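Student: Could you zoom in on one spot with me, and then work outwards from there? I'm new to this, so please spell out the terms as you go.

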Amino acid sequence: MWVYEKKLLYPVEVTTCNPMLARYIMEQYGGADGELAAALRYMNQRYTVPDKVIGLLTDISTEEFSHLEMLATMIYKLTKDATPEQLEKAGLGAHFVNHGHSLFYENAGGVPFTATYIQSKGDPIADLYEDIAAEEKARATYQWLIDISDDPGINDALRFLRERENIHSLRFREAVEMLKDERDRKKIF
Amino acid sequence: MSVFDERMALLKKVQQTDFVVVEWTLYTDTHPDDEDALEQWRVAIKDAAAARKQYENKFGPISLKSAPSRQALEVGWRWNQAPWPWQL
């Protein structure tokens, strides 16, 4: 089970309304390499991986939900005061007529989230390599977002998230080595 | 310091100390035999609990794992009360 904590993992400060930037950040909210996909991917894989790596998948999945909340906060704050005209100029006209000012799980191009973004092979090595790739793709996306954004508060939070992807990738690589060591030991005895 | 500033400062302390726990948790997931890490993890959990208590005494529970103080209830604290994290 999970318990809600009434706080963000890391502070998100936004001073200027910027619906265009909000739209770009949606790539990490509801896109293929985004936080929703990450959270659901690991949470689903954890049931059929060896006991040694269940904790890691559970903990990283849980952290990804806190990243999702940070991104939602960014999108909400960047768009809450935007007029329909400003939203339309930012390419969010179609979003507005369907969703108003509410958030939606879609990527920067407006494509809705789909479970086909997630892989699950029931083979721990295949799944963990998938997870490493997912973290590296998310890290790259955060870099492109930082490159395109000039909002200092948003960039501070995006840099934090980019570094978390690095750490998750590293931990998944270590998990692969743990499983390989175990496999090699079994061969010896 | 205004009440709002004090709240944000104490909240930041909670976020910092909780983050240390998150980081040591992931590290010990893949280094379960690292005794130094396990000890630092124990310290981090204690530090986070202390920072949380400081915030919650004044501004009410962050999660329903803590009972609201009588003082918080008397000044009108309720779980469903704003501000929520994205409103701060």
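Tutor: Sure, and let's get one term straight before anything else: a residue is buried if 20 or more other C-beta atoms lie within 10 Å of its own, exposed if 12 or fewer, and partly exposed in between, with C-beta atoms placed from the backbone. Keep in mind that this is a predicted model, where local features need pLDDT of at least 70 and side-chain atom pairs count only at pLDDT 80 or more, while totals for chains, interfaces and linings use all residues. Residues are numbered from 1 along each chain as its sequence is written, and chains are lettered from A and ligands numbered from 1 in the order in which they are written.

Our spot is B:Pro68. There are 15 other C-beta atoms within 10 Å of B:Pro68, so this proline counts as partly exposed. To find B:Pro68, look in the loop between helix H2 (35–59) and H3 of chain B. Helices here are DSSP runs of H or I with at least four residues, strands are runs of E with at least two, and both are numbered from the N terminus.

Who does B:Pro68 touch? Two residues are in contact if their C-beta atoms, placed from the backbone, lie within 7 Å. Leaving aside neighbours within four places in sequence, B:Pro68 is in contact with B:Gly60, B:Pro61, B:Leu73 and B:Trp77. Now look at B:Trp79, which sits 11 residues from B:Pro68 along the chain; their C-alpha atoms are separated by 9.0 Å.

Carry on past helix H3 (70–74) of chain B and you reach the segment that holds B:Pro83. There's a cis peptide bond here, joining B:Ala82 and B:Pro83, with omega at about 5°.

Now step back to the whole of chain B. The chain has 3 helices and 0 strands, so to speak an α-α-α pattern when you read along the sequence. Its C-alpha trace spans about 45 × 25 × 20 Å along the principal axes. Of the 88 residues of chain B, 15% count as buried. Take the contacts in chain B between residues at least 6 apart in sequence: 44% of them join residues at least 24 apart.

Chain B also touches chain A. That contact takes 16 residues from chain B and 22 residues from chain A. Sorted by class, the chain B side has 9 nonpolar, 4 polar and 3 charged residues. For the classes, Ala, Val, Leu, Ile, Met, Phe, Trp, Tyr, Cys and Pro count as nonpolar, Asp, Glu, Lys and Arg as charged, and the others, Gly among them, as polar.

Let's cross over to chain A. You'll find 7 helices and 0 strands there, and its C-alpha atoms fill a box of roughly 70 × 30 × 30 Å along the principal axes. Buried residues make up 39% of its 189 residues. Among chain A contacts between residues at least 6 apart in sequence, 76% join residues at least 24 apart.

Where do buried nonpolar residues gather? A nonpolar core is a set of buried Ala, Val, Leu, Ile, Met, Phe, Trp, Tyr and Cys residues joined through C-beta atoms within 7 Å. The largest one has 40 residues, and those with the most contacts inside it include A:Ile25, A:Tyr29, A:Met70 and A:Ala157. Helices H1 (19–30), H2 (35–45), H3 (51–79), H6 (124–148) and H7 (152–188) of chain A each supply at least two residues, and H3(A) gives the most, with 11 residues. Not counting residues up to four places away in sequence, A:Ala157 touches A:Tyr10, A:Val12, A:Met70 and A:Met74.

While you're in chain A, find A:His168 in helix H7. With 26 C-beta neighbours inside 10 Å, A:His168 counts as buried, whereas B:Pro68 is partly exposed. Beyond its neighbours within four places in sequence, A:His168 is in contact with A:Ile60 and A:Glu135. Along the chain, A:Glu182 is 14 residues from A:His168, and their C-alpha atoms are separated by 21 Å.
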